[in-house]
Amino acid sequence: MSHATVVSSPGKVLAAGGYLVLDPAYSGVVISTSSRFYAVVQDLRRVDEIQVRSPQFTDAVWNYQVLLNGVNVRVEPKNGKNGAIAPKNKFVQLALLHTLSYCFEVKGLVPFVDSLAEGLDVVIAGDNDFYSQRAKLASMNLPRTISSLSKIPPFGSQGVALSDVHKTGLGSSAALITSLVTSLLLHFSVISPADLTDTPSDARTLVHNLAQFVHCLAQGKVGSGFDVSAAVFGSQIYTRFDPARLQPLMERDAFSTRPLKAFLSSADQALDHRVEPFKLPPLTRMMLADVDAGSDTPSLVGKVLKWRKAQSAQADALWTALNQSNQALAKALLNLSDLYAGHQTAYEDVVNQLASLAHDQWVASAQGSTEGRQVAQKFFEAHQISEDIRAKMREMGDLSEVPIEPSEQTALLDACVSQPGVIGGGVPGAGGYDAIWLLVFEPGVEGTSPLQRVEKVWSTYTALDVSPLSSEESVAKGARVERLEEIPGLRDFI
């Protein structure tokens, strides 16, 4: 096996800032997930040819030929064996075309051709959480619990074509594009592994800008970009870039190359996004569940934006209030990390106590030091703010006639948030029927944990079809270089 370049990028959860994150005047709280997408690049030993494989799906092999005509790179699909028509994958082809074009522009003809002399074998793989595991759990006769999910082999086969898979909303396309773009930049030595050890860095900014451009091209529109930003930088408070900055690159055919170096280089600050540090407090855990009811996110967004345009004064007042609550939640959670850093023992004692209590008992029951009471008060504040955000999102849904937090989701979330040790939660992103997220205590003591209580609610809930995901917040931040042998199951997978 030739040397492999391996890059992973995390998924995302937009915990606060749904809809608002579309406007550069507002920000969103984005949590990156422990579930990751991987891109593995090796030599193919066929000159000027690229093979991309995704063995989790049926018929998921895409072959391309790289053509050079002077100053331009072309990446053309090749038919399969016996002249079979090649399947299409717009996301992969655009990532290859524009990343290779950038590499060619930076490296020059001879180094670029040398790097491509053996061709490329690319494998892309997503952790199981990116896809619904309901059918797999049923086939293994396992209950829908987080521990059951760990029994499914990594990178499990989905048994369907890529177009037919049931995704869970963790941002698979953004994580895929980011891992693929980054792995190619590394493989062609445009950036080095050392460049990705720091967050932020010029290399990460380059990866972000190029991945945003490719992702927008593939989607056919300039989106908010928080999913790509999470895949590059990890958890963050995200403020989007001005869409007009990317528009000049969007005005030609997606498969036409264009000069990218001057526009996308970090020195030129092509995209004016803002990324501020964020992380969840110590001894807490994000929990996610896939709710199998389904929502059409573009349709929800379109209706909300139509309402905002028609009722601008009403919408702006609500969005301003909602943004204040979103930022207050981020501040409260960050303050808790500061309290842990300064008063670790008191913090741990309080978490162990509050984990067995309902939220309305936290402040009154807090015993011990002044610092401990501060911790209890701040966790209760985070709970109150998260409930206020939910209420404002429901108000937006009522005013725009969009099911942002449908009554069925409200009942499910209320049942979860009422459990001892649950801090708060909501319907992530644009809302609807797809998923819920929760923040719970993860104490270091024996006994029934908040996670187990929530799992019991999910497993016995009948009004909606609820299935847990195993994802937590990513402690590994954003995109990172991996060692093939250190990722369980990946060497066998490729």
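Which residue in S6 is the bridge partner of Arg53? The points below, which concern a predicted model, begin with the strand that holds the answer.

1. **Strand pairing around S6.** The bridge partner of Arg53 in S6 is Val123. Strand S3, which spans residues 49-53, pairs with S6 in the parallel sense, and 4 bridges connect the two. Strand S2 (residues 28-42) runs antiparallel to S6 and is joined to it by 6 bridges. In that pairing, Val40 stands opposite Val123.

2. **Burial of S6.** Strand S6 covers residues 120-126, and 7 of its 7 residues are buried. Both of its faces are covered. One side presents Leu120, Val122, Ile124 and Gly126, while Asp121, Val123 and Ala125 lie on the other.

3. **A salt bridge that starts from S3.** Glu49, in strand S3, forms a salt bridge with Lys78, with 3.1 Å between the closest N and O atoms. Lys78 belongs to the loop between strand S5 (72-77) and helix H1 (90-107), and the pair links distant parts of the chain, 29 residues apart. The two partners may be described by their accessibility: Glu49 is buried, with a relative accessible area of 12%, whereas Lys78 is partly exposed at 29%.

4. **The pair Arg74 and Glu76.** A salt bridge also brings together the side chains of Arg74 and Glu76, at 3.2 Å from N to O. Arg74 is partly exposed, with a relative accessible area of 38%. Glu76 likewise counts as partly exposed, at 30%.

5. **A buried salt bridge.** Asp290 and Arg134 meet through their side chains in a salt bridge of 2.6 Å, N to O. Asp290 lies in strand S9 (residues 284-291) and Arg134 in helix H3 (residues 134-139), so this contact ties together parts of the chain that are 156 residues apart in sequence. Asp290 counts as buried because its relative accessibility is 4%, which is under 20%. Arg134 is buried too, at 9% relative accessibility.

6. **A salt-bridge network.** Glu387, Arg390, Arg394, Glu405 and Asp414 are joined into one network by salt bridges that share partners. The count for the model comes to 23 salt bridges.

7. **The annotated domain.** An unreviewed UniProt entry places the feature "domain: GHMP kinase N-terminal" at residues 166-234. In the model, this span is 61% helix and 0% strand. The C-alpha atoms at the ends of residues 166-234 lie 24 Å apart.

Definitions and conventions
Residues are numbered from 1 along each chain as its sequence is written. This is a predicted model: local features need pLDDT of at least 70, side-chain atom pairs count only at pLDDT 80 or more; totals for chains, interfaces and linings use all residues. Side-chain values use heavy atoms; hydrogens and water are left out. UniProt positions are given in the numbering used here, feature names are shortened, and annotations may be inferred rather than shown by experiment. A salt bridge is a side-chain nitrogen of Lys or Arg within 4 Å of a carboxyl oxygen of Asp or Glu. Buried means under 20% relative accessible area, exposed over 50%, partly exposed in between (1.4 Å probe, protein chains only). Two strands pair if DSSP finds at least two bridges between them.
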